[in-house]
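Reader: I am new to this structure and would be grateful for a close look at one part of it. Could you please take the salt bridges as the subject and explain which side chains take part?

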Amino acid sequence: MTFEKGKIFEPKALVAVAEGSVVSRELVHNDAGSITVFAFDKGQGLSEHQAPYEALLQVLEGEMVFILEGEELHIPAGQALVIPAGARHAVKAEKPFKMMITMIKG
């Protein structure tokens, strides 16, 4: 699916789950922050890290496992979470899923 600013689109259609991979597509990137859509295959993830600013994470399809400050959270499609600035977090895909993250620098 083509993404064009000013046009209606379906975020989860912008990325496809690829075997053994994490696929991402950045929609917006500027000094204020970024918006990125991700597709994770089963068994993939992101190792623990921190960001100096808050982020809104939205699960678009499937279910993700999000580890926030050591607590494992299962987040299904349609649910969202605000990641606090400076919080340690990681992502684990027990099954394929898609998410969108909005990072706000401030």
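Author: The following account concerns the salt bridges, with particular attention to those formed by one arginine. The model is a predicted one. Across the whole structure, a search finds five salt bridges.

The arginine in question is Arg88, which forms a salt bridge with Glu48, their closest N and O atoms being 3.0 Å apart. This pair links distant parts of the chain: Arg88 belongs to the loop between β6 (80-83) and β7 (89-92), whereas Glu48 is in strand β3 (residues 45-49), and the two are 40 residues apart. Arg88 is partly exposed, at 32% relative accessibility. Glu48 also counts as partly exposed, with a relative accessible area of 47%.

Arg88 forms a salt bridge with Glu69 as well, and here the closest N and O atoms are 3.1 Å apart. Because Glu69 lies in the loop between β4 (55-68) and β5 (71-76), while Arg88 lies in the loop between β6 and β7, this pair ties together parts that are 19 residues apart in sequence. Glu69 is partly exposed, its relative accessibility being 41%. Through salt bridges that share partners, Glu48, Glu69 and Arg88 are joined into one network.

Another of the salt bridges brings together the side chains of Lys12 and Glu10, at 3.9 Å from N to O. The separation is within the 4 Å cut-off, so the pair qualifies as a salt bridge. Lys12 is partly exposed, with a relative accessible area of 29%, and Glu10 is partly exposed at 40%.

Key. Residues are numbered from 1 along each chain as its sequence is written. This is a predicted model: local features need pLDDT of at least 70, side-chain atom pairs count only at pLDDT 80 or more; totals for chains, interfaces and linings use all residues. Side-chain values use heavy atoms; hydrogens and water are left out. Buried means under 20% relative accessible area, exposed over 50%, partly exposed in between (1.4 Å probe, protein chains only). Helices (H or I, at least four residues) and strands (E, at least two) are DSSP runs, numbered from the N terminus.
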